[in-house]
Amino acid sequence: MKVAVAGCCHGALDKMYETLELLQRRHNVRPDLLLCCGDFQAVRNEADLRCMAVPAKYRHMQTFYRYYSGEKKAPVLTVFIGGNHEASNHLQELPYGGWVAPNIYYLGYAGVVRFRGVRIGGISGIFKSHDYRKGHFECPPYNQQTIRSAYHVRNIEVFKLKQLKRPIDIFMSHDWPRSIYHYGNKKQLLKMKSFFRQEVESNTLGSPAASELLQHLKPTYWFSAHLHVKFAAFMQHQTNSKEELPKATKFLALDKCLPHRDFLQIIDIEHDPSAGDSLEYDAEWIAVLKATNSLVNVTQSSWNMPEKNGLHAKWDYSATEEAIKEVLEELNHNLKIPCNFTLTAACYDPSKPQKHVEPVHTINPQTTEFCAQFGLTDINDRIQQAKEEGSVRGEYEEEEEEEEMDSTGSAEEPSEYNTDNSGLSSINPDEIMLDEEGGDEDLSTCSVDPSPDHPPDFSASFSDIRIMPDSMAVSSDDAMDSTNEELEKSGVSKQVEEKSLNERPLKRIGGNENGNSGVKKIKRRNQAIYAAEDEDKTE
């Protein structure tokens, strides 16, 4: 089957789907599935905009709300993970995954599903070491800290995924696995993004948690986004025994969804022709969720996951064949994910602006149903209970005075990831900067566009679309002169490329480009939502 893979969507659903339709009209290629590697921005209304960690002037409504309201429907089944620019309050409603709109499915904090026999996994967010070992304690309304920490990867999600034993076909992460750049054309990457050099040479670019998952899961394909550059790599995994067959992962990072950017890729995936066309639960993943349910933590106290180190009575939470069989019996061997999408918030109405509505913490009926069916803890319900008891509120307002304890009650063990490396210390001209100390701009401010009366003209503004060759193999030799584009020449390559006639150039973000003396010192950089038109022409 044909699978389309997209990089950072940034809410431009109309453009993304119109690009796929153009591909079908011009080249008779129709994807069966669309995967999006984060920064999807499922923004339903103005309150959602305020829960998105970007400066206020970049909070735009975009077009997701039209799919949420039912005005439009995604023309292809879409599965996505979260990134670091999301309506976190919306995605938080679905910690185990669920439908954010008809035909658009979110994988949750971490998740595994099946489509036509293809096993697809993913982990949402980006890695930050200072939040990695905390629980999912955040809830709206967020403050300047929790609006960011809400999308930081947690060790419990990595631990759950590491319990999987059966092969994974496709895996998605927003940030790149650390070290993956050593398995691709590093010379070409640094030519395109010279400001990555320091992190590449010090081997600190990317997520160590994602790298750990890559080495453990060894999926056939791994897709990422976040750094706004296309990059391919081929990683041959080491075998643990002579009997184990060698495995390799084809890695691909996608560019952001902008005109003239290579943000979509089409690949052919082997599938089960006898399987249905419905998205399905993965029985092993459900069994792992059940096995690890006792580990759910909704506090910001740091703790380590169980491991074989003499401190934990149990460290193996992988699913037995019997446990997987029980899941199948519970579902009567019907793994189809129910189409139970439910509106949980008012949809944006351009004729009735609601710019000052406070975001609220919502219990989503999909999550309630899922947890009841499999006997799992509803994380948001647990947070609500803790808030009512006052424990979570106290943690928000006061710094912890007691020494942090791990899950066994013993003194805190050092984290295996002792530095914060998900970001780049160098300046990326393709990025939006956020102030680490003071936070970004006023959370109560949002910009809303476009309106249904003046929709954006995406019909004349499309990126390249390329068909993935059978092999993405590249050398790790730094002196290799071939480019990622040359990899694609070995297979079928098709491009769809048109220039926008109406595209308005957007300004690059600078430290103080408007001469505003009130701009705070920038200490942290995040990914850009938009870049200047001249950047597109030069890259």
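These are my notebook entries on a sheet, the cysteines and the cavities of this structure, which is a predicted model.

**Entry 1: the sheet**

I started with the strand order. I found an open sheet of 7 strands, ordered E10-E11-E9-E8-E7-E6-E13, and its pairing is mixed. I then looked for the edges, which are strand E10 (231–236) and E13, each paired on one side only. I noted the twist as well: from one strand to the next it averages 25°.

**Entry 2: strand E6 and its neighbours**

I asked myself whether strand E6 is mostly covered or mostly open. E6 spans residues 110–115, and 5 of its 6 residues are buried, so I put it down as mostly covered, with the cut-off for buried being under 20% relative accessible area.

Next I took the two partners of E6 in turn. On one side I have strand E7 (residues 118–123), which is antiparallel to E6 and joined to it by 6 bridges. As a landmark for this pair I wrote down Val112, which faces Gly121 in E7. The hairpin of E6 and E7 has 2 residues between the strands, and there I found Arg116 with a positive phi near 50°.

The other partner is strand E13 (residues 279–281), again antiparallel to E6, with 3 bridges. My landmark here is Phe115, opposite Leu279 in E13.

I went one step further along the sheet, to E7 and strand E8 (residues 170–173). This pair is parallel and has 4 bridges. Ile120 stands opposite Ile170 in E8.

**Entry 3: cysteines**

How many disulfides does the structure hold? I counted 0. I wanted to know why Cys8 has no bond to another cysteine. The closest cysteine sulfur to that of Cys8 belongs to Cys36 and is 7.4 Å away, which is too far for a bond because a disulfide needs the two sulfur atoms within 2.5 Å.

I also checked burial for two cysteines. Cys8 has 0% relative accessibility, so I list Cys8 as buried. Cys371, at 4%, also counts as buried.

**Entry 4: the largest cavity**

I searched the whole structure for cavities and got 10 of 30 Å³ or more. The largest has a volume of about 200 Å³. I listed its lining, which comes to 19 residues, with Leu91, Tyr106, Tyr109, Ala150 and Tyr151 closest to the centre. Which element gives the most to this lining? It is helix H4 (residues 88–92), with 3 residues. Sorted by class, I have 7 nonpolar, 8 polar and 4 charged residues around the largest cavity.

**Entry 5: the second largest cavity**

I repeated the look-up for the second largest cavity, which holds about 100 Å³ of space. Its lining is made of 14 residues, and those nearest the centre are Gly97, Tyr281, Asn340, Gln366 and Phe370. I noted strand E4 (98–101) and helix H12 (365–374) as the elements that give two or more residues to this lining. H12 has the largest share, with 5 residues. By class I wrote down 7 nonpolar, 6 polar and 1 charged residues for the second largest cavity.

I cross-checked one residue against Entry 2. Tyr281, listed among those nearest the centre of the second largest cavity, falls in E13, residues 279–281. E13 is also an edge strand of the sheet in Entry 1.

Methods:
Residues numbered from 1 in each chain as written. Predicted model: local features only at pLDDT ≥ 70, side-chain atom pairs only at ≥ 80, totals over all residues. Heavy atoms only, no water. Buried < 20%, exposed > 50% of the residue type's maximum accessible area, 1.4 Å probe, protein only. Pairing = 2+ DSSP bridges. 1 Å grid on protein atoms, 1.4 Å probe; cavity = no way out; pocket = protein on both sides within 12 Å on 5 of 7 lines; lining within 4 Å. Points joined across faces, edges and corners; volume = space filled by probe spheres on them. Nonpolar A, V, L, I, M, F, W, Y, C, P; charged D, E, K, R; others polar. Axes fitted to C-alpha atoms, helices over the stretch in contact; angles between N-to-C directions.
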